[in-house]
Every structure is written in C-alpha cells, then in structure tokens.
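Welcome! Take a moment to look over the sequence and turn the model around on your screen, and then we will walk through it together.

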Amino acid sequence: MSGSAITPWVVGNWKMNPMQAGAKQLVQELKQLLLDQPIEESKCHMAVAPVALALQSVQAQLQDSSRSVCTVAQDLSRIAGTGAYTGEISAELLKDSGIDFALVGHSERREIFGDSPAVINEKVKNALNAGLTVIYCVGESLQQRESGQAEQTVLQQICDIAPAVQAGQWQSIIVAYEPVWAIGTGKTASPADAQAMHAKIREGLSQITPAGQNMAILYGGSVKPENAVELAACPDINGALVGGASLNAVSFHKIAQAFANTK
Ligand code: PGA
C-alpha cells in the first residue's frame, strides 16, 4: 500500500472564531492568496470549518474562488432528520444547505461537551447516511501517552465507530489524528511519533476495511508553516487539521503549499 499516493487534505478548523467581519476578511485573503500563488487541486484538497452561523456565507464567498475550498460543519446533531429538537442541526439539514462535510469526535466535543462514543456513533451514522463525508477525530490525552496507552486509546477510538459505518461508507471517512496534548499548546508530536501513530491507524483501519489503504489520515495539533513540511514528508500523514494557524490566511495557505509540494 502507499499512504503517500493519497491526495492530501488541509482543513482549517476555525472553532468558535472569528466574528462575521473577520470570517469575511479571512476568506477574502485566502482567495487572493490562491489567485496569486495557486495550489493545484490535484495536489491538495482544501477546506475550512467555520461556525455553523457562517457556513453558508463562507461557502457563498468561496464560490468564485480560483479553486475549490470545501466548507465543513464543526459538528452535527446526534438526531437525524427534522423535528422538535431545539438548537440542533441535523446531517440532513446540513446536506440540504449544501454542506457536504462534518467534523465528528473532536476532542473539544468529547471533553467539554461530553460527546461519548455512543453519541459520536450516532453522529457518524447520521452524517454518512445523509451523504456527508465525516472527518473523524481521534487522539490520546497526555496522561494516556505518558502511561503508554496512546496507541490502544486511538485504535479503540477507530474501532468504536465501526458499528456505525456500513461496508461501502468507509471511503466517506477522513481520519484526523490529534493528540490532545498538542492541540492549541504549541507542542507538536514529532514527525516520527506522528508517522508511527498514523501507520498504526492505517493498520487498524485496514483490519476493518479494505478502504483503509486509501483513506486520508490527517495530523492535527499545533500545525503551522514551520512544521508542515516535515509532517508532510511522512508517508502516512495525508494532510492536516489546522486550528489556530488556519485563522491566518497566509499561514493556512503556506501549510497547504507545504503539503501540495511535499506529497
Ligand atoms: P491547533 O488545533 O492547530 O490550534 O492545535 C487543532 C484542532 O483542534 O483541530
């Protein structure tokens, strides 16, 4: 198999940022950079995940971009369809609004909002059944890493979603490995450690589905232009899920460039 034959994805996770005017400016700057210094679509897929309120305006603003930049929901409801569920946004509502991607299982959802494996499975199932591509986030805590549980934790998180995924749906999943201790901390897993975990994830996926050989496995956790080239050089790192650095158009564009040029 060759993890390096997979077209990389660079996805910006804007989290609960910025205000509408900031989002507009960020997209404008990114579009201009992509015009001035193009990144071939065949070399790197790109996407951004704004807050739910800005999904459609960001998508509309990206429509006349010189290349495709997809729009990703940061979360979705564990309830499918429509109904009396105050405050929720279902997979079907996202799809109906032209949104084709959703993050599921981000560590902030797991830790702060209590998304359990059962809830995550419902979200994964709903998203896939509605025709969304899922960016499924996994990663160990510092304590799990220090006690030698990193690999077991992450492989368990991969196995957790297996009951929610039908055989033909694995190709609609992108995995993002984000060690929790590296998110927003400035600490990055060393490229060697990240590659080792990505290879394990690919092995784990391949035991579940033949699609595992071709699934993109992104790295996330303090990715920035300064470490992107080294990470991109690792054969099983097929892109990045970028938080903080994606709020700066120049940094985000540089990270995508690094993956496009290195892969
Ligand atoms: P970070 O966030 O790049 O700011 O560490 C990554 C993420 O949480 O997706």
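Let's begin with Ile 173, which, apart from neighbours within four places in sequence, is in contact with Leu 128, Val 134, Tyr 136, Ile 161, Val 165 and Met 215. Keep in mind as you look that this is a predicted model. Ile 173 also belongs to a bigger picture: among the 70 residues of the largest nonpolar core, Val 124, Ile 173, Ile 201 and Phe 259 touch the most other members. Helix α10, residues 249-262, gives the largest share of this core, with 7 residues. There is also a second, separate core of 16 residues, and Ala 49, Ala 176, Ala 216 and Leu 218 are included in it.

Now move along to Val 175, which sits in strand β6, residues 173-177. Is Val 175 buried or exposed? Val 175 counts as buried because its relative accessible area is 1%, and the cut-off for buried is under 20%. Setting aside neighbours within four places in sequence, its contacts are Tyr 136, Val 138, Ile 158, Ile 201, Leu 205, Met 215, Ala 216, Ile 217 and Leu 218. You can also compare positions along the chain with positions in space: Val 175 and Ala 199 are 24 residues apart in the chain, and their C-alpha atoms are separated by 12 Å.

Our next stop is Gln 157, a residue of helix α7, which covers residues 150-160. Gln 157 has a relative accessibility of 9%, so this residue counts as buried. What does Gln 157 touch? Not counting residues up to four places away in sequence, it touches Arg 110, Tyr 136, Val 138 and Gly 139. With Gly 139 you can look at a particular pair of atoms: a polar atom of the Gln 157 side chain lies 2.8 Å from the backbone nitrogen of Gly 139.

Let's turn to the cysteines. How many disulfides are there? The count comes to 0. To see the reasoning, start with Cys 137: the closest cysteine sulfur to its own is in Cys 70, 16 Å away, and therefore too far for a bond. For Cys 159, the closest cysteine sulfur is in Cys 137, and because the distance is 17 Å, that pair is too far apart as well. A disulfide would need the two sulfur atoms within 2.5 Å. The surroundings of these two cysteines are worth a look too: Cys 137 is buried, with a relative accessible area of 1%, whereas Cys 159 is partly exposed, at 41%.

What about the empty space in the model? The largest pocket holds about 660 Å³ of space. Its lining is made of 25 residues, and those nearest its centre are Ala 52, Gln 74, Asp 75, Arg 109 and Phe 113. Helix α4, residues 107-112, supplies the largest share of this lining, with 3 residues.

Finally, here are two backbone details to find. Lys 15 is not a glycine, yet its phi is positive, at about 50°. You will find Lys 15 in the loop between β1 (9-13) and α1 (20-36). Ser 222, also a residue other than glycine, has a positive phi near 55°. Where is Ser 222 found? Look in the loop between β7 (217-220) and α9 (225-232). Even in that loop, Ser 222 counts as buried, because its relative accessibility is 16%.

Key
Residues are numbered from 1 along each chain as its sequence is written. This is a predicted model: local features need pLDDT of at least 70, side-chain atom pairs count only at pLDDT 80 or more; totals for chains, interfaces and linings use all residues. Side-chain values use heavy atoms; hydrogens and water are left out. Helices (H or I, at least four residues) and strands (E, at least two) are DSSP runs, numbered from the N terminus. Buried means under 20% relative accessible area, exposed over 50%, partly exposed in between (1.4 Å probe, protein chains only). A polar contact is a pair of N or O atoms within 3.5 Å; within protein, one must be able to donate a hydrogen and the other to accept it, and residues adjacent in sequence count only if both atoms are side-chain atoms. Contact means heavy atoms within 4.5 Å. A nonpolar core is a set of buried Ala, Val, Leu, Ile, Met, Phe, Trp, Tyr and Cys residues joined through side-chain atoms within 4.5 Å. On a 1 Å grid over the protein atoms alone, a cavity is a set of points where a 1.4 Å probe fits but cannot get out, and a pocket is an open set with protein on both sides within 12 Å along at least five of seven lines; lining residues have an atom within 4 Å of a point. Grid points are joined across faces, edges and corners, and a volume is the space filled by probe spheres set on the points.
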